[in-house]
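Work through the exercises below with the sequence and the structure at hand, and try each task before you read its solution.

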Amino acid sequence: VVTPNPIIVMNARENEKLFSALADADLSLADGVGIISAAKHMGTPLPERVTGIDTAYSVLEKLAEIGGSVYLLGSKPGVAEKASTELTEKLPSLRIVGTHDGYFESDAEIIKDISEKSPDLLAVCLGSPRQEIWVHENKKKLSGVGAVMCLGGALDVWSGNIKRAPKLFISLHLEWLWRMLCEPKR
């Protein structure tokens, strides 16, 4: 599952590996009002924006309900573990079977760890385009994994390190403005 926003789509125009990863995804969520506007302009309107982080959280809630499992991969050292703690507090029945930061050198070691733990969901939060390309290149090696979602900065939000925009900003389709104000370098 990929969650392209306008920046990711624009990057895919020049990055062949990213383009292939997006095109080959089983599910692509329209994660940005720019995507919704572009689809309407191109004559293929989409009903609404569907954020990756909200969709993933709904999946985590369902997994907690049925005793499912998740592996959290990405972000800076310590963030995945902190997100695991926060998620477990909110969803005590969720089984978090593994965590690892995004600073790894050996794909083989990470793939082995993930495959051995066989999560129902692998949340890959390596940032774009790295996460989409990594999943595209390694998905066939991830045996026993139910679904894989590319979720950018979700671990930073779930850990509490970064706050999401207030609901007013989200409802007015101004989450991008909130991010710009909070993270101007981004």
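**Exercise 1. Helix α6 and its two sides**

Task: Decide which residues of α6 are exposed on its other side, and which ones are buried.

Solution: Bear in mind throughout that this is a predicted model. Begin with the outward side of α6, where A108, E109, K112 and E116 are exposed. Next, look for the covered residues of this helix, which spans residues 107-117; the buried ones are I110, I111, I114 and S115. These buried residues cover an arc of only 125° around the axis, which puts them on the same side of α6. As a last step, ask what lies over them: the cover of the buried residues of α6 includes β1, β2, β3 and α7.

**Exercise 2. The length and the buried face of helix α4**

Task: Compare the expected span of α4 with the distance between its end C-alpha atoms, and then work out how its buried residues are arranged around the axis.

Solution: Helix α4 holds the 15 residues 52-66, and since each residue adds 1.5 Å, with one less than the number of residues counted, the expected span is 21 Å. The end C-alpha atoms of α4 are 21 Å apart, which agrees with that expectation. Now turn to burial, for which the relative accessible area must be under 20%; in α4 this holds for G52, I53, A56, L60, L63 and A64. Seen down the axis of α4, these buried residues fall within an arc of 105°, so they line one face of the helix. The face turned away from that buried side carries E65 and I66, which are exposed. The partners against which the buried residues of α4 pack are β1 (69-74), α5 (79-90), β3 (121-125), β4 (147-150) and α8 (154-158).

**Exercise 3. The nonpolar cores**

Task: Find out how many residues the largest nonpolar core has, and which element supplies the largest share of this core.

Solution: The largest nonpolar core has 22 residues, and those with the most contacts inside it are L60, L72, L94, L151, L155 and W158. Several elements contribute, with α4, β1, α5, β3 and α8 each supplying at least two residues of this core. The largest share of it, five residues, comes from α4. To see the surroundings of one core residue, take L72 and leave aside its neighbours within four places in sequence: its contacts are then A80, A83, S84, L87, I96, G98, T99, H100, A123, L155 and W158. Apart from this core lies another one of 21 residues, among them L73, L122, L142 and V145.

**Exercise 4. The strands and their crossovers**

Task: Trace how β1, β2, β3 and β4 are paired, and state the handedness of the crossover from β3 to β4.

Solution: Start with β1 and β2 (residues 95-100), which pair in the parallel sense over five bridges, with V70 standing opposite I96 in β2. The unit made of β1, α5 and β2 is a right-handed β-α-β unit. Five bridges also join β1 to β3, and these two strands run parallel; here L73 stands opposite V124 in β3. From β3, four bridges lead on to β4, again in a parallel arrangement, and the partner of A123 in β4 is M149. Between β3 and β4 the chain passes through helix α7 (residues 130-138), and this β-α-β crossover is right-handed.

In a regular strand the side chains alternate between the two faces of the sheet. Applying this to β3, one finds L121, A123 and C125 on one side and L122 and V124 on the other, and all of these are buried.

**Exercise 5. Unusual backbone angles**

Task: Locate the cis peptide bond, and describe the backbone and the burial of S75 and S118.

Solution: Most residues other than glycine have a negative phi, and most peptide bonds are trans. Against this background, the peptide bond from S128 to P129 is cis, with omega near 10°, and P129 lies in the loop between β3 and α7. S75, in the loop between β1 and α5, has a positive phi near 70°, and it is buried, with a relative accessible area of 14%. S118 also has a positive phi, of about 40°, although it is not a glycine. This residue follows α6 and has its place in the loop between α6 and β3; with a relative accessible area of 34%, S118 is partly exposed.

Technical notes: Residues numbered from 1 in each chain as written. Predicted model: local features only at pLDDT ≥ 70, side-chain atom pairs only at ≥ 80, totals over all residues. Heavy atoms only, no water. Buried < 20%, exposed > 50% of the residue type's maximum accessible area, 1.4 Å probe, protein only. Arc of directions from axis to C-beta. Contact = heavy atoms within 4.5 Å. Core = buried A, V, L, I, M, F, W, Y, C linked by side-chain atoms within 4.5 Å. Pairing = 2+ DSSP bridges. Right-handed = clockwise from strand over helix to strand, strands pointing away.
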